[in-house]
Amino acid sequence: KSWKNAIARVVRVADGSEDIVSESMSSLDDIASGEFRANFFNQTNPDGSFWAPRKRRYSHPTLMKTRKMFNAAVGGSGHLLERSDNVLRIGIRGSVVSYAGYHRAGTRFMPPRDPIHVSDPGVQRMRETLESVAADRIQS
């Protein structure tokens with residue numbers, strides 16, 4: 001009988017009636033926010049390359065003049081954490097930090113600088129978190 005319950009649990013998890021993503025949101029957000037923090041301080045793009053120098057001289061080359069974008073990236077005001085269906089969105093709300101998009105796309109005075117990305121090892125940690133929660137739910 002226990003194996004039938006386990007199979008039924010797997011089916012409920014797979015069809016979405018057991019909400020693994022919502023249960024894991026804070027853990028996944030912690031991983032992503034830690035990655036964003038490192039990206040700011042290491043000044044790295046998604047491909048691992050370092051940010052190109054600005055085309056004009058500024059006193060704050062690491063996007064830390066007001067810390068507004070940094071704070072939004074790591075969980076402060078303007079932090080984005082939303083779930084719809086099986087999609088989890090983590091990042092910066094453009095309505096709060098209006099210039100965030102310019103950093104990702106670049107301008108004529110600043111090459112693109114994208115601190116909002118998760119490394120392959122970070123994605124693997126996220127995957128392991130989801131798998132762990134799913135395994136716990138299936139076993140209970």
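## Buried charges, salt bridges and a few odd loop residues

Asp114 counts as buried, with a relative accessibility of just 10%. That makes it a handy way into this structure, which is a predicted model. Asp114 pairs up with Arg104 in a salt bridge, while Arg113 is buried with no salt bridge at all. Below is a quick tour: how far to trust the model, how the chain is laid out, and where the charged side chains go.

**How much to trust it**
- The average pLDDT over the protein chain is 78, and 76% of the residues reach at least 70.
- Which helix comes out worst, and which part best? Confidence bottoms out in helix α1 (residues 2–14), with a mean of 50, and peaks in α3, at 90.
- Coordinates in places where pLDDT is low should not be read in detail.

**Overall layout**
- The protein chain contains 5 helices and 2 strands, and going along the sequence they run α-α-α-β-β-α-α.
- Buried residues make up 35% of the 140 in the protein chain.
- Taking contacts in the protein chain with a separation of 6 or more, 64% are between residues at least 24 positions apart.
- The chain's accessible surface is about 8,700 Å², and carbon and sulfur atoms account for 52% of that.

**Salt bridge between α2 and α5**
- The structure has 4 salt bridges, one of which joins the side chains of Glu35 and Arg125, with an N to O distance of 3.0 Å.
- Since Glu35 sits in helix α2 and Arg125 in helix α5, this pair ties together parts that are 90 residues apart in sequence.
- Are the two ends buried or partly exposed? Glu35 is buried, at 10% relative accessible area, whereas Arg125 is partly exposed, at 37%.

**Salt bridges around the strands**
- Glu82 and Arg93 also meet through their side chains in a salt bridge, at 3.2 Å from N to O.
- Glu82 belongs to strand β1 (residues 79–84) and Arg93 to the loop between β2 (87–92) and α4, so here the linked parts are 11 residues apart in sequence.
- Glu82 is partly exposed, with 29% relative accessibility, and Arg93 is partly exposed too, with a relative accessible area of 30%.
- Arg89 joins in as well: Glu82, Arg89 and Arg93 form a network of salt bridges.

**The α4–α5 loop**
- The Asp114–Arg104 salt bridge has an N to O distance of 3.1 Å.
- Asp114 is in the loop between α4 and α5, and Arg104 is in helix α4, so the pair ties together parts that are 10 residues apart in sequence.
- Unlike buried Asp114, Arg104 is partly exposed, at 47% relative accessibility.
- Arg113 is in the loop between α4 (100–105) and α5 (120–139).
- How far from Arg113 is the nearest side chain of opposite charge? That side chain belongs to Asp114, and it is 11 Å away.
- What does the side chain of Arg113 reach at 2.6 Å? It gets to the backbone oxygen of Ala52.

**Positive phi in the α2–α3 loop**
- Gln43 is not a glycine, yet its phi is positive, at about 55 degrees.
- You'll find Gln43 in the loop between α2 (20–42) and α3 (68–73), where it is partly exposed, with a relative accessible area of 24%.
- Arg67 is another non-glycine residue with a positive phi, near 65 degrees.
- Arg67 is also in the loop between α2 and α3, and its relative accessible area of 36% makes it partly exposed.

**Ser77, out in the open**
- Ser77 is located in the loop between α3 and β1.
- Is Ser77 buried or exposed? With 59% relative accessibility, Ser77 counts as exposed, because the cut-off for that label is over 50%.
- If you ignore the neighbours within four places in sequence, Ser77 is in contact with Ala72 and Val96.
- Ser77 and Ile92 are separated by 15 residues in sequence, and their C-alpha atoms are 9.0 Å apart in space.

Terms used: Residues are numbered from 1 along each chain as its sequence is written. This is a predicted model: local features need pLDDT of at least 70, side-chain atom pairs count only at pLDDT 80 or more; totals for chains, interfaces and linings use all residues. Side-chain values use heavy atoms; hydrogens and water are left out. Helices (H or I, at least four residues) and strands (E, at least two) are DSSP runs, numbered from the N terminus. Buried means under 20% relative accessible area, exposed over 50%, partly exposed in between (1.4 Å probe, protein chains only). pLDDT is the predictor's confidence in each residue, from 0 to 100. Contact means heavy atoms within 4.5 Å. Accessible areas come from the Shrake-Rupley method with a 1.4 Å probe; for residues, only the protein chains shown count as cover. Lys and Arg count as positive and Asp and Glu as negative; His and the chain ends are not counted. A polar contact is a pair of N or O atoms within 3.5 Å; within protein, one must be able to donate a hydrogen and the other to accept it, and residues adjacent in sequence count only if both atoms are side-chain atoms.
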